[in-house]
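Here is a small set of exercises to work through with the model open in your viewer. Try each task before you read its solution.

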Amino acid sequence: MIRLNNIVDKVSAYSNITNEDLDFIKKAYVYSAKVHSGQRRVSGEPYLSHPLEVSSILTDLKLDIPSVVTGLLHDTIEDTLATREEIERLFGSEIAFLVDATTKISRLPHVSDVEKQAESFRKLILATAKDIRVVFIKLADRLHNMRTLEYLPEERQKRIAIETMEIYAPLAHRLGISWVSVELEDLAFKFSEPGEHERIFKTVSTKKKDWEKYTQEIVSLIIAKMKEFKIQGDVSWRFKHLYGIYSKMKKGNISLHNIYDILGFRIVTRTENECYQVLGAVHSLWKPIPGRIKDYIALPKANNYQSLHTAVIGPFGEQMEIQIRTEHMHRIAEYGVAAHWRYKGGRLPSNGNEKIYSNLRHLVELKDIKDSTEYIEAIKDELILDVVYVYTPNADLIEFPVDATPVDFAYSIHTDIGNHCFQAFVNRKLVPLDYKLKTGDMVEVVTSKNKTPNRQWLDFVVTPKAKNKIRSWMRQEENLRAEQVGETITQRKFAKKGLNLSNMLEKKKLDDPLAKLQFTGIKDFYRAVGFGNAAANDLLKVIHPRKFAEGVEKSKRIKNIINRISKDEYKDAVLVKRYDNILIKFGKCCNPVPGEQIIGFITRGKGITVHVYNCPRLLEVSPERRIEVAWNEEYSGRIPIGLSVKCENKKGMLSELTSMVSGLEVDIIRADVSEDNIGQGNARFDVTVENIAQLEKLIESLKNLGGVISVKRLTESSHSRASDLN
Ligand code: MN
């Protein structure tokens, strides 16, 4: 068991410890020993070993005296008869706050119950916003609990390991405390996938000895080269951490048996300038692999990590990975926010190291998400660290998680811009809204008042903010739609019974019955009916209990109505005589648009294909299989259409074309331009239109645009005929 002396020695190594500090630590130790006396850990050790170890981890993080003292006391309120008042009286309000905050988080048992997990995490983040030391203490507590996890029952081991892997390791990583995140990951890996862990552990341990000679040779070659360049620095090598190896293996990026995949070299220099000089020196020694040089000094990672990364072809034709950084960068890489944090009462500073604190602020902002599952998902998303950097038109650099899209970009600027974005330009070229942003992209978003969020956006946005804003918009829309459906249903039902709903509402005759059913108003009732949670009959029954007692509506049926209305598929665009609910497809050969004369064709087992009346394809099929169809006049959706535009290849042509198209209230799904070998431009537009009139107007306007040579409506005539006709 670690002793108090070890802790005091460790503190003295990085700070000037006064006699008062020493007395303070001793006092906390004595108190903790007293209140925990007689208690034991599951491992059988005296309980006191745990607060001592936590305190020791806090000294590894080089934290201040109050943090170290809190480490000793962190479980006293929770597990003993000690109270906050007593702690405050003995150790002051600062310590009382820290111990209390840590206690409040852990008082909720860490069960997989997502409610409790969300609640305790919410508390942790809020307490951390008040005093950042809370998160350090919590991470130290978790780290020691993970180190001693083997003593818990297997089922609890797994649960805690998963939570550590999903939340605490990423949290440490996000805060830049990489040695803690790496150790947490490896421990969580060990308990969640013992077999895989064992396999990788064994291989790596045997390789360590075998490869001593190789690594020493490489290290001395680098040192010799650095001497030639007159640069001082340390050169070392290490194996990647076990979980890192495992996750890269799972992605198929590396092989456990290729030693070069799992080891890396590191050069630590004195100045930033020397980093670049060393990079040059290494590249003069071995050829760099194109695309593998990363300058995280000029563009630090989201957690403030800085280094130069390169991969070269080594002396034996092997691929070698090398990191180059200064001592200062190395300390940041290991300790992150804990390295910056200094004696400021724990408050987040308003200047300096902005980026890393903004990570915490992002986490704090998520507190408003009420739904626990959504909250935890949002936290997990927010903790993901792989990022891209893109520019706004004003050349501001914004950071996004990998795979972010122009819609994420729009929401990051402003909710309204997100809610109304409809076109995106990347490096001045039109891209689809689900385009994946790349580092260095310059992004511009065009909004339109008439555009609103689309459910499909949820399939591709990645930032928690965009997801939440789209969801809340959808909820609003759904409520509105449900209200409308509910109103129609209620009105019809009342009319059927000879009652005038609007009249009754005007005369306030429904206020009491609605209140009796515990609705706040008629809209609330409509919404319930629309969602199928209430029936119009419920209201009738309250008005005339005897008259309307029978005939209960099935809420399931109403749900079906909602489903039908909310499904925006264009199969509803066509009506087939005598057939309801029959599967309808559009002939890809002619791609009819509402307003055009159409005819149906009965396929074998695949419903009906709809073609333009004079589609040559119809001549190929027997007349008996034709069927009359008509456009559904109530249909208000849009039909997708492809257009090919040949134009002069001049500057600004694409934006002229797109602004013309969108000016006509036509939705552009996609636009591509290419140049052919005789210097002409070819543009391809995928748009959706309401009817043939709109399409004809569009084609006409495009043809009249200066520089346009020809416009053609695209049909997929190359599409396999047989499959379409059978
Ligand atoms: Mn504890």
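**Exercise 1. The metal site**

Task: Find the spacing that the donors of the manganese ion follow along the chain, and work out which residues coordinate the ion.

Solution: This is a predicted model, so please treat each value below as computed from it.

- Step 1. Along the chain, the donors show the spacing H-x23-H-D-x65-D.
- Step 2. Put residue names to the pattern: His50 and His74 each coordinate the manganese ion through NE2, while Asp75 and Asp141 do so through OD. The distances run from 2.2 to 2.4 Å.
- Step 3. Look at where the ends of the pattern sit. His50 belongs to helix α3 (residues 49–60) and Asp141 to helix α9 (residues 133–147), so this pair, 91 residues apart, links distant parts of the chain.
- Step 4. Check burial, for which the cut-off is under 20% relative accessible area. His50 has 1% relative accessibility and therefore counts as buried. Asp141, at 6%, counts as buried too.

**Exercise 2. A covered strand and its partners**

Task: Take strand β9 (residues 421–426) and decide how many of its residues are buried. Then ask which strands it pairs with, and in which sense.

Solution:

- Step 1. Six of the six residues in β9 are buried, which leaves the strand mostly covered.
- Step 2. One partner is β11 (residues 443–447), joined to β9 by five bridges in the antiparallel sense. Within this pairing, Gln423 has Val446 as its bridge partner.
- Step 3. Another partner is β10 (residues 429–431), which runs antiparallel to β9 and is joined to it by three bridges. Here Phe425 is matched with Leu430.
- Step 4. Now inspect the connection: β9 and β10 make a hairpin with two residues between them. In the turn, Asn427 has a positive phi of about 50°. For context, most residues other than glycine have a negative phi.

**Exercise 3. A buried charge**

Task: Asp408 is buried; which side chain of opposite charge is nearest, and how far away is it?

Solution:

- Step 1. Locate the residue: Asp408 lies in helix α21 (residues 406–413).
- Step 2. The nearest side chain of opposite charge is that of Lys467, at 7.7 Å. A salt bridge needs the charged atoms within 4 Å, and Asp408 has none.
- Step 3. Look for a polar partner instead. The side chains of Asp408 and Thr463 share a polar contact of 2.6 Å.
- Step 4. Fill in the surroundings. Setting aside neighbours within four places in sequence, Asp408 is in contact with Phe400, Phe460, Val461, Val462, Thr463 and Ala466.

**Exercise 4. An open sheet**

Task: For the open sheet in the order β13-β15-β14-β16, work out which strands stand at the edges.

Solution:

- Step 1. The sheet has four strands, and its pairing is mixed.
- Step 2. β13 (584–586) and β16 (626–627) each have a single partner strand, so one side of each is left without a neighbour in the sheet. These two are the edge strands.
- Step 3. Turn to β14 (residues 598–602) and β15 (residues 608–612): five bridges join them, and they run antiparallel. Gly600 stands opposite Val610 of β15.

**Exercise 5. Helix α25 and the loop after it**

Task: Is Leu505 buried, partly exposed or exposed, and which residues does it touch?

Solution:

- Step 1. Leu505 is part of helix α25 (residues 501–506).
- Step 2. Its relative accessibility is 27%, so Leu505 counts as partly exposed.
- Step 3. Not counting residues up to four places away in sequence, Leu505 touches Leu510, Ile522 and Tyr526. Between Leu505 and Ile522 there are 8.4 Å from C-alpha to C-alpha, with the two 17 residues apart in sequence.
- Step 4. Move on to the loop between α25 and α26 (511–516), where Lys508 is found. Lys508 has a positive phi near 60° although it is not a glycine. With 60% relative accessibility, Lys508 counts as exposed.

**Exercise 6. The whole chain**

Task: How many helices and strands does the protein chain have, and what percentage of its residues count as buried?

Solution:

- Step 1. The secondary structure comes to 32 helices and 21 strands.
- Step 2. The chain has 726 residues, of which 48% count as buried.
- Step 3. Among contacts between residues at least 6 apart in sequence, 66% join residues at least 24 apart.

Key: Residues numbered from 1 in each chain as written. Predicted model: local features only at pLDDT ≥ 70, side-chain atom pairs only at ≥ 80, totals over all residues. Heavy atoms only, no water. Donors = N, O, S within 2.8 Å, 3.2 Å for Na, K, Ca; no water. Buried < 20%, exposed > 50% of the residue type's maximum accessible area, 1.4 Å probe, protein only. Pairing = 2+ DSSP bridges. Lys, Arg positive; Asp, Glu negative; His and termini not counted. Polar contact = N/O pair within 3.5 Å; in protein donor to acceptor, adjacent residues only side chain to side chain. Contact = heavy atoms within 4.5 Å.
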